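Colleague: I should be grateful for a close look at a single part of this model, namely the helix that takes part in both charged and aromatic side-chain pairs. Please set it in the context of the whole chain.

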Amino acid sequence: MTKRINDTKQREEQIIQAAQKIFLKKGYFRTTIDDIAAEVGVVRGTVLHYYNSKERLMEAVLNHKGDSFVPYVTKIMENQDISVTERLCKVIELCSEQFSNVKPQLIRYQRDYEKFRFLLDQMRIQTFYQLCEPFQKLLDDGCKEGVFCIHDTRARANSIVFAIFGVTGADISTEALLAELQIIIDKFTQPHIN
């Protein structure tokens, strides 16, 4: 057994790293909680204390690199020190970076692609709802600045975020993603959108 760790974040990190290693080696369906516990050097109950199921653990592995995405992109959208158009461009850049970070993980787990795609989509839905309100505020700022003329910023924000998530969820190359995101940004940064 490994040395006792009282730091929760450190133990979580150990478990996530071990799970990622074992999932890549054996595949999701052939990996057990006991395999992950053995890799960490703890008992099964310790792993289950942090992640109550293999599915939750896989979600943590897939979400690991994206932990700070929502707060970071929200901060950019709310940054009044730069123009609305610049904020929107930065959001598109971040979505592209996030896509680039997650896509290799999906490729690594291709053997269990459908299961991982489902888990990733569940996380993306949560992110969608977290980003709609800040995006609406960004559009409100754009209307105040005269960049946009949008009657219902809430509906438009939901539509834009949905479009971004739709294209980032597509099985396309990074280059194709950037082209599609540029179309979205071009459409929604035109002065006086109706």
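Modeller: A residue is called buried under 20% relative accessible area and exposed over 50%, and partly exposed in between. By that scale Asp 34, at 43% relative accessibility, counts as partly exposed. The model is predicted, and the values below are computed from it.

The overall setting comes before the helix itself. The protein has 9 helices and 0 strands, and its elements run α-α-α-α-α-α-α-α-α from the N terminus on. Of its 194 residues, 44% count as buried. The accessible surface comes to about 10,900 Å², with 51% of that area belonging to carbon and sulfur atoms. Among contacts between residues at least 6 apart in sequence, 68% join residues at least 24 apart.

The part in question is helix 7, and its charged side chains may be taken before its aromatic ones. Arg 87 forms a salt bridge with Asp 141, the closest N and O atoms being 3.0 Å apart. This pair links distant parts of the chain, since Arg 87 belongs to helix 6 (residues 84–108) and Asp 141 to helix 7 (residues 113–145), 54 residues apart. Both Arg 87 and Asp 141 are buried. The two also belong to a network of salt bridges that includes Glu 145.

A second salt bridge joins Lys 137 to Glu 133, with 3.5 Å between the closest N and O atoms. Lys 137 and Glu 133 are 4 residues apart in helix 7, so about one helical turn separates them. Lys 137 has a relative accessible area of 39% and is therefore partly exposed. Glu 133, with a relative accessible area of 49%, is partly exposed because that value falls between the limits of 20% and 50%.

For reference outside helix 7, the salt bridges number 7 in the structure. One of them is formed by the side chains of Arg 44 and Asp 34, at 3.5 Å from N to O. Arg 44 lies in helix 3 (residues 44–50) and Asp 34 in helix 2 (residues 33–40), so this pair ties together parts that are 10 residues apart in sequence. Arg 44 is partly exposed, its relative accessible area being 40%.

The aromatic side chains of helix 7 come next. The structure holds 3 aromatic pairs. Among them, Phe 128 and Phe 162 form an edge-to-face pair, with 6.1 Å centre to centre and 80° between the planes. Phe 128 in helix 7 and Phe 162 in helix 8 (residues 153–168) are 34 residues apart, and their pair links distant parts of the chain. The two rings are unlike in exposure: Phe 128 is buried, with a relative accessible area of 13%, whereas Phe 162 is exposed, with a relative accessible area of 58%.

Phe 128 also pairs edge-to-face with Phe 165, at 6.3 Å centre to centre and 80° between the planes. This pair again links distant parts of the chain, with Phe 128 in helix 7 and Phe 165 in helix 8, 37 residues apart. Phe 165 has 12% relative accessibility and so counts as buried. One aromatic cluster is made up of Phe 128, Tyr 129, Phe 162 and Phe 165.

Taken together, helix 7 is linked to helix 6 by the salt bridge between Arg 87 and Asp 141, and to helix 8 by the aromatic pairs of Phe 128 with Phe 162 and with Phe 165.

How values were computed: Residues are numbered from 1 along each chain as its sequence is written. This is a predicted model: local features need pLDDT of at least 70, side-chain atom pairs count only at pLDDT 80 or more; totals for chains, interfaces and linings use all residues. Side-chain values use heavy atoms; hydrogens and water are left out. A salt bridge is a side-chain nitrogen of Lys or Arg within 4 Å of a carboxyl oxygen of Asp or Glu. Helices (H or I, at least four residues) and strands (E, at least two) are DSSP runs, numbered from the N terminus. Buried means under 20% relative accessible area, exposed over 50%, partly exposed in between (1.4 Å probe, protein chains only). Rings of Phe, Tyr and Trp (its six-membered ring) pair if their centres lie within 6.5 Å; planes under 30 degrees apart count as stacked, over 60 as edge-to-face and the rest as tilted. Contact means heavy atoms within 4.5 Å. Accessible areas come from the Shrake-Rupley method with a 1.4 Å probe; for residues, only the protein chains shown count as cover.
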